[in-house]
Amino acid sequence: MSYIQKPAAHHPALPKNKLGHTRRDYEASMSTLCAGCGHDSITAAIIEACYRMDLPSHRIAKVSGIGCSSKSPTYFLGRSHGFNSVHGRMPSVSTGANLANRDLVYIGVSGDGDTASIGLGQFCHAVRRQLNMTYIVMNNGCYGLTKGQFSATNDKSSPSKKGQANPFDAIDLCQMAISLGAGFVARSFSGDKAQMVPLIEAALSYNGFAFLDILSPCVTFNNHTTSTKSYEYIRDHYQMTGRLDFVPQMDDIKVEYDTGTSTDVAMHDGSMLRLHKLDDSHDVRSSDEALMAIRKSAAANEVATGLLYINDEQRDLHDVLATDGRPLNSIPMSELCPGSDTLAKINKSLA
Amino acid sequence: MPSEVTPAPASLPGKARGNARGPSDGQIPGMPPTDINNPQYFHKVVDCQWACPAHTPVPEYIRLIAQRKYAAAYMLNWESNVFPGILGRVCDRPCEPACRRGRIEDKPVAICRLKRVAADYKGDVDGMMPVMPPEKNGKRIALLGAGPASLTVARDLLPLGYDITLYEKDPAGGGLMRTNIPSFRLPITVLDEEVDRVVNLGVHTKFGQEITSLKSVLDENYDSVFVGTGAPRGKDLNITGRAEADEQIHIGIDWLTSVAFKHTESVGKKVIVIGGGNTAMDCCRTALRLGGEDVRVTVRSPKADMKASDWEIEEAEHEGIPIFDNHNPKEFVVEDGKLVGVKFEIMRAEYDDTGRRKLLPTGEEVTFECDAVLMAIGQDNAFPWIERDIGLDFNEWEQPIVDKTTMMSTRPGVFFGGDSAWGPENIIWAVAHGHAAAISIDKHCSGGDIADRPAPGSNLVSQKMGIHEWSYDNDYDAQHRTAVPHADLKISLANLAVEVELGFDEKLALKEAERCLNCDVQTVFTESTCIECDACMDICPVDCINFTENDAEEPLRAALRVPALNADQDIYVSDVLNTGRVMVKDEDVCLHCGLCAERCPTGAWDMQQYFYAETQVSKVTHAHHSAYLR
Ligand SMILES: Cc1cc2nc3c(=O)[nH]c(=O)nc-3n(C[C@H](O)[C@H](O)[C@H](O)COP(=O)(O)OP(=O)(O)OC[C@H]3O[C@@H](n4cnc5c(N)ncnc54)[C@H](O)[C@@H]3O)c2cc1C
Ligand SMILES: Cc1ncc(C[n+]2csc(CCOP(=O)(O)OP(=O)(O)O)c2C)c(N)n1
Ligand code: SF4
Ligand code: SF4
Ligand code: SF4
Ligand SMILES: [Mg+2]
């Protein structure tokens with residue numbers, strides 16, 4: 001942890017977005033994570049994505065659980081809403097918040113421990129309910145905050161720093177998310193902002209459950225030469241399934257569906273995703289093909305990254321439940337709480 | 001904001017693009033890695049020191065001031081620039097416009113006034129001064145003119161045992177620093193102290209002796225002669241009425257000289273100063289103190305184009321002197337043999353496509369009443385006393401031909417420096433010329449090759465004391481530039497000798513010193529340990545650091561996080577990294593905050609103090625510098 005604060009002084013030529021904010025305006029307190037932690041790079045990518053999308057900070061809510069990863073919302077979007085919840089409980093807090101106020105943009109930040117161990121049940125139900133949020137797992141294969149114990153995403157072949165073997169197979173959160181019906185599933189790597197930033201932009205503009213599994217080396221406990229979650233290993237076994245461009249305003253761009261080399265996906269908010277396919281990559285609209293592709297890569301000891309799956313017809317939780325279009329805080333009290341007469345009527349109808 | 005489809009920036013070279021791991025095979029096009037072993041690379045990053053003609057180690061002396069080590073700060077200055085007390089008041093300060101701080105917020109560090117602090121609070125430094133050798137080396141040198149250029153040559157050569165004779169037409173040494181820079185900017189005591197310190201090292205002074213023939217000096221068989229006679233001829237304006245009004249029209253620099261020697265103690269009530277340079281500013285402010293009631297400055301050009309330094313103009317205006325721009329003098333109006341006014345035509349500036357300015361008369365005319373005119377429209381170096389048949393060549397403008405590096409004329413053994421070499425400059429350039437000439441003179445006298453210049457000394461030392469601890473104060477201080485307190489205007493206008501600026505007290509000095517960014521504490525990158533985690537790039541408050549594909553300089557600069565458009569500032573390019581990319585750091589607005597090094601998990605960045613010292617001819621006038629070198 002640095003003794004000094006990051007100076008507010010910035011490059012005099014730092015560009016501003018449509019809201020008149022610089023990238024620096026989306027920062028928050030300085031990170032207290034270990035120097036070189038992948039989570040900090042993901043933080044920087046979230047900042048960059050929000051800046052590029054001209055998002056107003058006060059319309060964003062950050063929710064997290066417990067872990068080094070879950071601490072990171074303190075380090076981005078200092079002027080947004082935030083809730084640092086209990087270990088593994090980010091999904092239920094997000095669900096409540098989202099139901100109460102559907103107008104905010106929800107960024108859930110979790111770790112592999114927070115999501116794949118203690119919070120696995122919660123995670124499954126958030127996916128299943130198609131919660132409209134961006135759910136980011138900063139995946140380092142270990143419990144960083146509690147000094148590096150194996151997490152459920154650590155590969156069987158990846159022993160601990162001290163040489164202890166890992167007896168269990170890893171849970172692949174992307175496969176789980178696809179199986180459970182997530183509408184947007186992607187994997188990336190903290191060391192690759194060029195890939196990460198457009199994926200985060202796309203996830204933020206996706207209407208439904210957007211899941212991002214971002215490999216994020218723990219420099220202190222899981223970056224050793226035998227780890228499969230180290231900077232070096234990931235770079236060596238990195239496989240890109242395609243390249244994504246995020247187009248914020250598609251007004252003047254013609255959407256060309258499936259030309260063979262690129263796939264365009266129109267988003268609800270007027271933006272567009274253009275996915276440049278690589279030769280042998282799968283159809284991102286097919287969950288079967290996506291699952292196959294992930295498994296094939298894994299079998300070949302590689303990590304498939306990029307946008308893995310997208311369902312552009314997903315209906316989110318509010319849609320499914322046909323809730324009121326308004327956030328609770330803008331519904332008049334008389335409607336929200338219609339009084340004892342109405343209650344009596346309801347009770348009567350149940351009698 | 002990209003609003004059309006632009007291909008995403010190159011992503012990591014993973015399997016899909018073939019693994020481009022391993023060091024360069026020499027095939028990747030783009031910039032070669034920066035050679036940080038070239039002593040000028042990091043020197044250039046220290047903007048202030050780089051801009052200082054004498055390459056004074058500014059950030060180090062500012063840190064010494066912050067530690068209240070005034071004497072040490074003074075000595076580093078004295079060794080570099082010989083006149084810290086003088087320069088701390090009147091230097092042209094080329095370092096300040098260069099200061100990095102000025103590119104981050106609007107105002108640079110008050111480098112010059114901090115130098116004055118070192119001089120004001122240094123205490124007794126006699127014991128820190130070099131000791132002269134008891135033995136002479138048998139070589140005799142003549143210095144012509146006792147301005148800063150000659151005095152620097154004397155200071156540099158005396159410790160080597162040279163026998164130095166200094167000829168000066170005026171009764172005391174100092175040159176224009178004594179005769180032209182008014183005492184309300186430079187008190188006599190400060191001037192005397194620093195001029196005497198050099199003279200007392202053992203110079204044979206011949207004050208009051210004007211040289212009228214270089215030949216006769218050469219006839220005395222000196223081993224070398226240094227011409228430091230300045231640019232003593234003020235320009236005149238031959239327009240209608242000039243001759244008739246001669247008694248009331250003065251050449252600015254001659255008039256200031258006669259004021260300095262108290263030959264002139266009053267001036268008319270209505271004074272017009274013609275000219276827009278610093279001499280004009282000194283003339284008008286002096287006139288105000290000698291009883292001028294209506295003192296005006298007139299300039300031919302628009303005010304924005306005035307040659308005077310901004311701070312000189314500010315001071316004059318602060319004292320209530322109006323500046324009339326676009327006023328071109330047409331005629332001295334004489335009535336009954338007396339000057340009663342000056343007639344001006346009003347000009348207007350027009351700029352062509354290339355931005356070149358043309359001054360055109362508007363047809364309008366105006367007459368200002370006056371009873372005295374001070375002419376401050378420039379100076380020439382003039383050498384009526386140098387014979388043209390002694391092998392010393394002049395160019396078509398009657399300027400001596402002088403080598404830019406060695407300061408030698410076409411006659412071996414005769415050197416020039418200061419304003420005499422290429423016309424009017426300033427004190428710090430005169431000092432720099434003096435250092436260079438001293439090196440040449442020593443080589444010339446000892447049979448060496450004067451073109452063979454000594455290499456500078458430099459040293460790079462890590463400042464790391466702990467994971468987040470550095471031996472310099474790396475915390476950025478958002479403080480704005482501290483204003484220098486001034487004497488009460490009523491008091492200073494009433495007395496020519498009262499110094500206008502009071503200087504910083506210790507508290508203000510400390511406040512200002514904290515603004516310095518420590519640009520000499522360099523960010524040094526080691527490719528082999530970088531794991532490309534991006535932590536440094538993410539933390540850098542000014543977006544200096546990039547990891548990107550290499551390219552030719554122009555496209556590479558354009559492709560950075562914030563494009564590096566300031567071509568005066570270098571970009572630091574690493575060798576190829578594991579992913580095939582390179583690290584590119586734009587040096588332009590780096591705060592030297594060390595956060596990159598603090599957030600680097602592998603120590604690939606380190607903060608290292610770079611000490612750079614121009615080599616001087618004698619080691620003993622460089623002892624404080626040498627202590628920083630290995
Ligand atoms: C009004 C005015 C204000 C200035 N203010 C500043 C300022 O604030 N800051 C700054 O940095 N610079 C200032 N300058 C410029 C600066 O003073 C000069 O650039 C500098 O002094 C040049 O130094 P020098 O050693 O070349 O010669 P000078 O200082 O000009 O000294 C030359 C000496 O040679 C003597 N001399 C000349 N001919 C002969 C001869 N034939 N025989 C014997 N002696 C001779 C002269 O009497 C003089 O003493 C100012 C100049 C003027 C005119
Ligand atoms: C209920 C509960 N059980 C256990 C813990 C201890 N604990 C804190 S963080 C953590 C694991 C965090 O791992 P992960 O989510 O992967 O985050 P990382 O630190 O690796 O980013 C655990 C088990 C806790 N805080 N609360
Ligand atoms: S900030 Fe300090 S070191 Fe940097 S240029 Fe200015 S005075 Fe020199
Ligand atoms: S010292 Fe490092 S972090 Fe600080 S401004 Fe310079 S490059 Fe950026
Ligand atoms: S922080 Fe260090 S290891 Fe990480 S990218 Fe920067 S220099 Fe390389
Ligand atoms: Mg973890």
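**Ligand shells, a magnesium site and nonpolar cores**

The shell around ligand 3 takes at least three residues from each of two parts of chain B, domain 1 (17-45 + 457-479 + 514-613) and domain 2 (52-127 + 480-513). The model is predicted. The points below cover the ligand shells, the magnesium ion, the domains of chain B and the nonpolar cores.

**Ligand 3**

- The residues surrounding ligand 3 are B:Asp47, B:Cys48, B:Val58, B:Pro59, B:Cys99, B:Arg100, B:Val109, B:Ile111, B:Cys516, B:Leu517 and B:Cys519.
- Helix H2 (47-51) and helix H3 (58-66) of chain B are the elements that each supply two or more residues to this shell.
- By class, nine residues of the shell around ligand 3 are nonpolar, two are charged and none is polar.

**Ligand 5**

- Ligand 5 is surrounded by 14 residues, and the closest are B:Cys530, B:Ile531, B:Cys533, B:Cys536 and B:Cys600.
- The shell around ligand 5 holds eleven nonpolar residues, two charged residues and one polar residue.

**The magnesium ion (ligand 6)**

- Three residues act as protein donors to the magnesium ion: A:Asp112 through OD, A:Asn140 through OD1 and A:Cys142 through O, at 2.1 to 2.2 Å from the ion.
- The spacing of these donor residues in sequence is D-x27-N-x1-C.
- A:Asp112 belongs to helix H4 (residues 112-116) of chain A, while A:Asn140 sits in the loop between strand S4 (133-139) and strand S5 (142-143) of chain A; this pair links distant parts of the chain, 28 residues apart.
- A:Asp112 and A:Asn140 are both buried.

**Domains of chain B**

- Chain B is assigned domain 1 (17-45 + 457-479 + 514-613), domain 2 (52-127 + 480-513), domain 3 (134-232 + 381-446) and domain 4 (234-377).
- The contact between domain 2 and domain 3 of chain B involves 27 residues from domain 2 and 24 residues from domain 3.
- Between the C-alpha centres of domain 2 and domain 3 of chain B the distance is 27 Å.

**Nonpolar cores**

- The largest nonpolar core has 68 residues, and within it B:Leu144 and B:Leu214 touch the most other members.
- Helix H17 (residues 427-445) of chain B gives this core its largest share, ten residues.
- This core lies between domain 2 (52-127 + 480-513) and domain 3 (134-232 + 381-446) of chain B, because both domains give residues to it.
- Leaving aside residues up to four places away in sequence, B:Leu214 touches B:Leu144, B:Val225, B:Trp385, B:Ile386, B:Glu387, B:Ile390, B:Leu392 and B:Val414.
- A second core, separate from the largest one, has 40 residues, among them A:Ala9, B:Phe42, B:Ala604 and B:Tyr612.

Note on methods:
Residues numbered from 1 in each chain as written. Chains lettered and ligands numbered in written order. Predicted model: local features only at pLDDT ≥ 70, side-chain atom pairs only at ≥ 80, totals over all residues. Heavy atoms only, no water. Near = heavy atom within 4 Å. Helix = DSSP H or I, 4+ residues; strand = E, 2+ residues; numbered from the N terminus. Nonpolar A, V, L, I, M, F, W, Y, C, P; charged D, E, K, R; others polar. Domains from an automatic or database assignment. Donors = N, O, S within 2.8 Å, 3.2 Å for Na, K, Ca; no water. Buried < 20%, exposed > 50% of the residue type's maximum accessible area, 1.4 Å probe, protein only. Core = buried A, V, L, I, M, F, W, Y, C linked by side-chain atoms within 4.5 Å. Contact = heavy atoms within 4.5 Å.
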